[in-house]
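Please consider the following structure. The explanation below leads through its local side-chain geometry.

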Amino acid sequence: YDNEELSEYKNKAKWKIANFHYQNNQYYKNKIGSIFPDKWEDLPIMGKTDFQESKNILSDGYNSKNVYYSWTSGSSGTPFYFAKSKYAHAMTWAMIDYYYKLHGISYNAKQARIFGLPNTNMFLKIKEKCKDFIMNRHRFPVQSMKEYDLDGYLKTFKMKKFRFIYGYANALKHFAIYIKEKKTTLKSICPSLKLCISTAEVLTEENIKIIQSAFGVPIVNEYGTSESGVVSFGNSNKMIISNQSLNVEVIKSKNLFGDENAGKIVITDYFNEAMPFVRYDLGDIVSLDNTNVSNKKTYYINKIFGRENDMVLLEN
């Protein structure tokens with residue numbers, strides 16, 4: 001599609017999904033009222049609490065047996081269960097596959113996953129380990145990142161031919177600092193390594209420099225949520241927005257964070273008929289690249305505010 005065709009596609013897709021939920025989801029219909037608006041801005045903005053307050057929020061035709069069902073991490077302080085239609089879930093993975101290929105990586109390639117692992121629930125722990133085996137990834141749990149653990153990380157990188165790393169920004173930084181102290185690079189230890197993908201927290205420019213110098217491979221940032229999928233992907237100051245599957249709005253507030261292009265990010269999932277993620281507030285503040293907003297086909301997020309986590313140092 002050229003710009004005009006894509007703009008038309010997006011407009012039709014967002015109204016189609018909004019109408020679908022109005023006709024098939026009583027909870028969403030009650031939020032709107034008896035008259036369906038003809039202006040997009042008159043549709044209500046849905047927040048996380050909207051999805052917490054009702055136990056029966058699935059649209060007609062959907063139930064626990066024919067949807068992808070999961071829960072958010074709760075990093076915002078407001079966790080909730082959510083559902084995606086199987087097609088919408090497939091589209092999320094299609095977008096992930098698309099972005100990885102843009103950076104020369106197959107999602108099926110050997111992955112070093114610096115991520116959390118359930119410790120208290122043995123069933124969930126075994127489930128995650130089975131998924132890791134099936135999806136060709138080795139998990140490095142981040143619950144403990146003492147020098148002993150990080151030394152074990154390096155030994156594993158020497159033995160396995162990883163193609164890319166995927167992990168929390170702050171955990172990647174912590175590992176990178178340890179590597180720099182060893183006066184080496186991860187690329188020299190694991191020559192097959194091609195890319196590092198950061199997720200979850202904000203990837204600051206300072207952290208990019210630390211991670212890139214320690215790892216010796218390009219760093220890209222994945223921004224999204226469990227319930228919405230990947231919202232944008234790419235270099236930290238030029239993350240391309242997922243136009244194909246999401247309608248993305250930035251509702252600006254006057255000079256927020258001293259940035260005239262900053263505002264809360266609101267998404268509409270074109271394909272999820274199971275739950276009404278229509279004008280859904282992700283709870284983050286972002287800034288759009290103003291030079292590219294006129295280009296409807298490709299535009300970018302150039303900054304995300306907040307989402308900064310740190311390590312906790314315990315007595316032991």
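Over the ring of which residue does the charged end of R113 sit? The charged end of R113 sits over the ring of F115, 4.4 Å from the centre of that ring. Here a charge sits over a ring if NZ of Lys or CZ of Arg is within 6 Å of the ring centre and within 35 degrees of the ring normal. K238 also meets this criterion, its charged end being placed over the ring of Y300 at 5.1 Å from the centre.

The model is predicted: local features need pLDDT of at least 70 and side-chain atom pairs count only at pLDDT 80 or more, whereas totals for chains, interfaces and linings use all residues. Residues are numbered from 1 along each chain as its sequence is written, and side-chain values use heavy atoms, with hydrogens and water left out.

R113 also leads to Q111, since the two side chains are joined by a polar contact of 2.7 Å. A polar contact is a pair of N or O atoms within 3.5 Å; within protein, one must be able to donate a hydrogen and the other to accept it, and residues adjacent in sequence count only if both atoms are side-chain atoms. Q111 belongs to strand β3 (residues 111-115); strands (E, at least two residues) and helices (H or I, at least four) are DSSP runs, numbered from the N terminus. Q111 is buried, because its relative accessibility is 0%; buried means under 20% relative accessible area, exposed over 50%, and partly exposed in between (1.4 Å probe, protein chains only). Not counting residues up to four places away in sequence, Q111 touches N136, R137, H138, F162, F164 and Y166, where contact means heavy atoms within 4.5 Å.

One of these partners, N136, takes a positive phi of about 60° just after helix α5. At the N-terminal end of α5, N121 acts as a cap, with a side-chain oxygen 3.0 Å from the backbone nitrogen of F123.

Aromatic rings provide a further theme. Rings of Phe, Tyr and Trp (its six-membered ring) pair if their centres lie within 6.5 Å; planes under 30 degrees apart count as stacked, over 60 as edge-to-face and the rest as tilted. By this rule there are 29 aromatic pairs. F51 and F80 are stacked, because their centres are 5.6 Å apart and their planes lie at 15°. Both F51 and F80 are buried. F157 and F162 form a tilted pair, at 4.9 Å centre to centre and 55° between the planes. F162 is buried at 0% relative accessibility.
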